[in-house]
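Please work through the following exercises with the sequence and the model open side by side.

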Amino acid sequence: MSHRIILIDGQLPHLARPIDVDDSALTLGISAFETLRSVGGRLPLLDHHLGRLRHTTDTLGIQF
């Protein structure tokens, strides 16, 4: 099995797990994000946002 190495700004990134260079998020730019508003340093709708983000990533087939 051959291995390919990805460098970010010329450096090996510190990652919790390796990047799959054939992953659609990397090769096709598929991604998901949520924007949250903080109130007094708190995220009042965090559970709602995380649930919506999970639904989106499940729909797109993104694993994290």
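The exercises below concern salt bridges and a surface patch in this model, which is a predicted one.

**Exercise 1.** Find how many salt bridges the structure holds, and work out which parts of the chain Arg52 and Glu34 tie together.

*Solution.* The structure holds two salt bridges. In one of them Arg52 pairs with Glu34, and the closest N and O atoms are 2.8 Å apart, which is within the 4 Å that a salt bridge requires. Because Arg52 lies in helix α2 while Glu34 sits in the loop between α1 (24-27) and α2, the pair ties together parts that are 18 residues apart in sequence. As for exposure, Arg52 has a relative accessibility of 40% and therefore counts as partly exposed, and Glu34, with a relative accessible area of 22%, is partly exposed as well.

**Exercise 2.** Determine where Asp58 and Arg54 lie, and how many residues apart they are.

*Solution.* Begin with the contact itself: the side chains of Asp58 and Arg54 meet in a salt bridge, at 3.9 Å from N to O. Next, place the two residues, which both lie in helix α2, four residues apart, or about one turn of the helix. Finally, Arg54 has a relative accessible area of 39%, so this residue is partly exposed.

**Exercise 3.** Identify which residues make the nonpolar surface patch, and classify Leu50 as buried, partly exposed or exposed.

*Solution.* The patch, of about 300 Å², is made by Leu36, Leu43, Leu46 and Leu50. Of these, Leu50 is found in helix α2, which spans residues 46-60. Since partly exposed covers values between 20% and 50%, Leu50, at 46% relative accessibility, counts as partly exposed.

Terms used. Residues numbered from 1 in each chain as written. Predicted model: local features only at pLDDT ≥ 70, side-chain atom pairs only at ≥ 80, totals over all residues. Heavy atoms only, no water. Patch = residues over 30% accessible without salt bridge, like charges linked within 9 Å, V, L, I, M, F, W, Y side chains within 5 Å. Areas by Shrake-Rupley, 256 points an atom, 1.4 Å probe, with all protein chains shown as cover. Buried < 20%, exposed > 50% of the residue type's maximum accessible area, 1.4 Å probe, protein only.
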